[in-house]
Amino acid sequence: KCKKYYKSPDYTRKYIFFPLHFQPEASTCVCAEKYEKQLFFIDSWAKSLPADTVLYVKEHYALLGHRDPSFYEELKKYPNVFLIDPWESSRKLIENSFVVTTLTGTAGYEAMLLRKPVFIVGDCVFDNAPGIIKINDIFQKFLPSINEWKKPERTDVIKYLCACFRTYHKGNIYCQNFEYLLDGNIDDIVDALYQKLLILNGGTQNDLL
């Protein structure tokens, strides 16, 4: 029933790429609550794009068959919005896009690494990365924002990644991964938290105790 709504992308067009978020999930309900209704976000984009630009919306593969078809019917009302086949390569869609937009999704991180303009409207770990445009309200703000955007240098992205890597600790905190509850992984997580507490308390074990 849903396949009839999907379109193949035309890569010759100038487009904004928006991959839909899985729902319900903290990435929308907590970190981007203003746009938790993703149709509202899409509506804001559709009414803000110039005539030569369209919005490509790609369904999340994990929601295939679960999202109500009425959602797709709403998308059909916009002449500049196209629902893209969920099995189309997201990497290719990012590479060929004019802009990538997301609430808080990792597609924005991938686009940042490729030094693409990225619009985000929620709170996420990479919202201070080079080339990220964090904006509260996209309505009629796209053109002024993109005209001010400067493509970051490759060295800026590398420096950002190095700064991130220096804060990382060993340990898998993804609860759906089978490694999550292994003794060794729990030890790694506890050690990471312990080291963080040491830093917050001046860096000595006696201060922590």
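Pro9 makes contacts with Tyr56, Ile84, Glu88 and Leu93, leaving aside residues up to four places away in sequence. In this predicted model, Pro9 sits in the segment before strand E1. Its relative accessible area is 13%, and because buried means under 20%, Pro9 counts as buried. The C-alpha atoms of Pro9 and Phe82 are 8.3 Å apart, although 73 residues separate the two along the chain.

Now to the nonpolar cores. The largest one has 31 residues, and Ile42, Trp45, Leu55, Val57, Val81, Phe119 and Phe142 have the most contacts inside it. The table lists the elements that give two or more residues to this core, with their residue ranges where these are not given elsewhere in the text.

| Element | Residues |
|---|---|
| Helix H2 | 38-46 |
| Strand E2 | 53-58 |
| Helix H3 | 69-75 |
| Strand E3 | 81-84 |
| Helix H6 | 142-148 |

Strand E1 belongs to this group too. H2 provides the largest share of the core, four residues. As for Ile42, its contacts beyond four places in sequence are Phe18, Leu20, Leu55, Val57, Phe71, Leu75 and Val81. Another core, of 21 residues, lies apart from this one and includes Ile84, Ile120, Ile132 and Val157.

Helix H5 (residues 106-113) is a nice one to look at next: Ala107, Gly108, Ala111 and Met112 are its buried residues. They lie on the same side of H5, because they cover an arc of only 140° around the axis. Among the elements covering them are strands E1 (14-19) and E4 (99-102) and helices H4 (90-95) and H7 (154-165). After H5 comes Arg115, with a positive phi near 60°.

Terms used. Residues numbered from 1 in each chain as written. Predicted model: local features only at pLDDT ≥ 70, side-chain atom pairs only at ≥ 80, totals over all residues. Heavy atoms only, no water. Buried < 20%, exposed > 50% of the residue type's maximum accessible area, 1.4 Å probe, protein only. Helix = DSSP H or I, 4+ residues; strand = E, 2+ residues; numbered from the N terminus. Arc of directions from axis to C-beta. Contact = heavy atoms within 4.5 Å. Core = buried A, V, L, I, M, F, W, Y, C linked by side-chain atoms within 4.5 Å.
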